[in-house]
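Student: I'd like a close look at the aromatic side chains in this one, and at whatever sits around them. Could you walk me through it?

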Amino acid sequence: MTLPAYTPYDGSAKLFTIGLKPLDLADWIEIDDTYDEQMREKRRLFATVRDDVLVEEPDTVEAQREVLALIREHVCATFPERFRQTCKGIAIAGHPAIDNARLQSLSLLHAASLLVQEDLILMRRSDDGWRLVAGSLCFPSSWILREKFGRALQDIHTPVPNFGRGTRNADLIQRMFDNLKVEQPVQRLNWSLQARHELYYPLSDIQRNARANQRPSKFDDLTAVGRGFVRVERQTLRKLPRSGDILFTIRIYLDPLDFLLRYPDGGAIAASFASQLTALDTAQLDYKGLTADRDRLVEFLATVV
């Protein structure tokens with residue numbers, strides 16, 4: 001059995017907290033046995049809905065170049081069995097090369113995104129705080145890139161309970177971004193629940209508000225819960241040494257919920273998971289789309305021993 005890479009739902013990374021931790025740059029990018037599947041899906045999305053998954057302000061080209069150089073250097077050094085630098089560009093085992101000819105036709109952030117499973121968001125300091133100025137987001141977790149493009153961090157977080165403009169958490173995040181050091185990147189984990197194995201999971205502000213108001217169920221019964229997935233986001237923040245912009249990476253893991261029935265510590269994780277769900281208030285449940293299903297989820301988790 002393949003064990004999950006992360007289980008923040010065990011209580012180690014509580015929802016609706018900032019929870020940043022230092023990141024060793026050696027562990028910045030993660031590649032696992034889902035690489036081939038996820039990269040094929042990225043290429044499909046770029047081919048079919050490119051304008052929905054890629055945005056950029058014109059003056060971000062040099063920062064994008066910096067991102068591509070850092071990622072290319074990192075993956076070639078860390079995963080030499082998969083990536084190889086050549087005179088024509090970079091070869092990727094089992095996938096189309098990112099060669100000089102392709103680089104002429106792609107935005108640099110697009111090219112960087114075709115190397116790694118992570119989505120890449122570029123944040124830049126302005127008079128109104130840190131703004132989203134470029135991004136490659138193939139695997140959104142219930143948001144839409146174009147709706148957040150150009151907006152300040154405080155406004156991006158407006159739908160999140162107690163994280164919108166003027167809140168204490170918004171001020172804390174602003175200071176953390178301001179004080180982030182080039183030599184000390186950070187990371188955090190987040191999680192949500194979904195009924196199907198979908199990496200591309202966009203949700204507009206209108207759709208999110210409708211979900212909060214209507215409170216639809218994702219799971220019809222306990223059997224359906226067992227077929228659901230925990231969507232884990234591993235997020236990193238790295239200040240770029242030349243531009244001073246901040247690169248926000250998001251890596252998605254989809255863990256089948258029924259793995260808990262076979263996992264050696266499944267009972268303990270399930271108990272902590274249920275405790276976290278029980279502790280969520282109505283606004284938090286509505287934001288996560290769990291209001292209708294929380295009791296059924298807790299009931300399922302109680303069956304894991």
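Student: To start with a single spot, which residue lies over the face of W28, and at what distance from the ring centre?

Tutor: That one is R238, 4.4 Å from the ring centre of W28. Keep in mind that the model is predicted. A second arginine does a similar job elsewhere: R251 lies over the face of Y253, with 4.2 Å to the ring centre.

Now for rings meeting rings. The count comes to 8 aromatic pairs. Take Y35 and F83: their ring centres are 6.1 Å apart and their planes stand at 90°, so this pair is edge-to-face, the label for planes over 60 degrees apart. The two partners come from distant parts of the chain, 48 residues apart, with Y35 in helix α1 (residues 35-48) and F83 in strand β3 (residues 83-86). Are these rings buried or exposed? Y35 has a relative accessible area of 1%, so it is buried, and F83 is buried too, at 2%. The cut-off for that word is under 20% relative accessible area.

Next comes W130 with F177. Their centres are 5.8 Å apart and the angle between the planes is 55°, which makes this aromatic pair tilted. Here W130 sits in strand β7 (residues 129-136) and F177 in helix α8 (residues 168-179), so the pair ties together parts of the chain that are 47 residues apart in sequence. W130 counts as buried because its relative accessibility is 4%. F177, at 8% relative accessibility, counts as buried as well.

Aromatics also gather in a group: Y9, W191, F259, Y263 and F273 form one aromatic cluster.

What about the cysteines, since you asked about the surroundings? A search of the whole structure turns up 0 disulfides. For C76, the nearest cysteine sulfur belongs to C87 and is 13 Å away, and C76 is in no disulfide. A disulfide needs two cysteine sulfur atoms within 2.5 Å, so a 13 Å separation rules that partner out for C76. C76 is buried, because its relative accessible area of 18% falls under the 20% cut-off. C138 is another buried cysteine, with a relative accessibility of 0%.

So, back to your starting spot: R238 over the face of W28 is one arginine-on-ring contact, and R251 over Y253 is another.

Methods
Residues are numbered from 1 along each chain as its sequence is written. This is a predicted model: local features need pLDDT of at least 70, side-chain atom pairs count only at pLDDT 80 or more; totals for chains, interfaces and linings use all residues. Side-chain values use heavy atoms; hydrogens and water are left out. Rings of Phe, Tyr and Trp (its six-membered ring) pair if their centres lie within 6.5 Å; planes under 30 degrees apart count as stacked, over 60 as edge-to-face and the rest as tilted. Helices (H or I, at least four residues) and strands (E, at least two) are DSSP runs, numbered from the N terminus. Buried means under 20% relative accessible area, exposed over 50%, partly exposed in between (1.4 Å probe, protein chains only). A charge sits over a ring if NZ of Lys or CZ of Arg is within 6 Å of the ring centre and within 35 degrees of the ring normal.
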